[in-house]
Amino acid sequence: DLYMATRVTTSDPFADVVNLGPAVNTTGNDTNPSISADDRSLYFNSNRSDGLGGMDLYVATRATASDSFISVQNLGPVINSSSSDARPSISNDGRALYFQSDRSGGLGGQDIFVATRTSPAGVFGEPRLVGGDVNTPNNDLAPDAGSGGGVLWFESDRPGGAGSADLYQASDTDWYRFTLAGGQSVSVTLSNLAGQGTLVFLYDSDLNRLARGVTTDTSDQVI
């Protein structure tokens, strides 16, 4: 079951532990909570009977931070799969939901995926595999994006660690935003990149990738 503990200030100890009750909890396994920055949306995973796979992702909502959670919704077939989707983590801006899954399309074992939306009130799009060095053929899991600062924390049993599983962190990709009207073109110069051969991707406003494999020269000019 999911429980909640509160405190008056951040320097006080937690107390008043309460079960979130039948509006949120079931006879299944309801675990791994992640709460939004405004304290109004609680994401978690559950194997309750209305799910699509082994574990599904759900969200419980409430009108204000002082109210009880009363509405629970499965995040639906766009987010959930017939595999196990678990350990959600909502970003501070509410626009990205990270989670682990053993669905097809990964690199092996458990992988970390992210679903995004244009605003905290929007609808999440189709999840994609998190890029960079985050995922491997091993188990990469338990993402945590809630601390902010453009850092994703996660667990992995990849080779090279100190034990059977280790903690890792990855930085977000740098984003450069610009708007083009129909027929317009743009010349882009990026500064402070890693040097020649830095990889640049072009996305539209819905995070659909429009171009890949664009690289930079020694002066950071996009070519």
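Two strands count as paired here if DSSP finds at least two bridges between them, and strands themselves are DSSP runs of E of at least two residues, numbered from the N terminus. By that rule, strand 11 (residues 140-144) and strand 12 (residues 151-156) are antiparallel partners joined by 3 bridges. Please keep in mind that this is a predicted model, in which local features need pLDDT of at least 70, side-chain atom pairs count only at pLDDT 80 or more, and totals for chains, interfaces and linings use all residues. Residues are numbered from 1 along each chain as its sequence is written, and side-chain values use heavy atoms, with hydrogens and water left out.

**Strand pairing**

- Within the pairing of strands 11 and 12, Leu141 has Glu155 of strand 12 as its bridge partner.
- Strand 12 also runs antiparallel to strand 13 (residues 166-171), and 6 bridges join these two. Here Leu152 is matched with Ala170 in strand 13.
- Strand 4 (residues 41-46) pairs with strand 5 in the antiparallel sense over 6 bridges, and Phe44 stands opposite Tyr58 of strand 5.
- Strand 5 is joined to strand 6 (residues 71-74) as well, by 4 bridges and again antiparallel. Ala60 has Val72 in strand 6 as its bridge partner.
- An open sheet of 4 strands follows the order 7-8-9-10, with antiparallel pairing. Strand 7 (85-90) and strand 10 (128-129) are at its edges with a single partner strand each, so one side of each has no neighbour in the sheet.
- At one of these edges, strand 9 and strand 10 pair antiparallel over 2 bridges, and Val114 is bridged to Arg128 in strand 10.

**Nonpolar cores**

- A nonpolar core is a set of buried Ala, Val, Leu, Ile, Met, Phe, Trp, Tyr and Cys residues joined through side-chain atoms within 4.5 Å. Buried means under 20% relative accessible area, exposed means over 50%, and partly exposed lies in between (1.4 Å probe, protein chains only).
- The largest nonpolar core has 11 residues: Tyr43, Leu57, Val59, Leu75, Ile79, Ile90, Leu97, Phe99, Phe113, Ala115 and Phe124. At least two residues of this core come from each of strand 5 (56-61), strand 8 (96-101) and strand 9 (111-116).
- Another core, of 10 residues, lies apart from the largest one and includes Ala96, Tyr98, Val130 and Ala170.
- Strand 5 is mostly covered, with 5 of its 6 residues buried.
- Which residues does Tyr43 contact, leaving aside its neighbours within four places in sequence? With contact meaning heavy atoms within 4.5 Å, they are Asn32, Pro33, Ser34, Tyr58, Val59, Leu75, Pro88, Ile90, Leu97, Arg117 and Phe124.

**The second largest pocket**

- A pocket is an open set of points on a 1 Å grid over the protein atoms alone, where a 1.4 Å probe fits and protein lies on both sides within 12 Å along at least five of seven lines; lining residues have an atom within 4 Å of a point.
- The second largest pocket has a volume of about 340 Å³, where volume is the space filled by probe spheres set on the grid points, which are joined across faces, edges and corners.
- Its lining has 15 residues, and Met4, Ala5, Ile35, Asp39 and Arg62 are the closest to the centre.
- Strand 1 (3-6) and strand 3 (30-35) each give at least two residues to this lining, and strand 1 has the largest share, with 4 residues.
- By class, the lining comprises 9 nonpolar, 3 polar and 3 charged residues (nonpolar: Ala, Val, Leu, Ile, Met, Phe, Trp, Tyr, Cys and Pro; charged: Asp, Glu, Lys and Arg; polar: the others, Gly among them).

**Individual residues to look at**

- Asp140 lies in strand 11 and is buried, with a relative accessible area of 0%. Not counting residues up to four places away in sequence, Asp140 touches Gln100, Gln110, Asp111, Ile112, Val134, Asn135, Phe154, Glu155, Ser156 and Arg158.
- Asp140 and Ser101 are 39 residues apart in sequence, and their C-alpha atoms are 9.2 Å apart in space.
- Most residues other than glycine have a negative phi. Asp16, in strand 2 (residues 15-19), has a positive phi of about 55 degrees although it is not a glycine, and counts as exposed at 59% relative accessibility.
- Ala142, in strand 11, also has a positive phi, near 55 degrees. Ala142 counts as partly exposed, at 22% relative accessibility.
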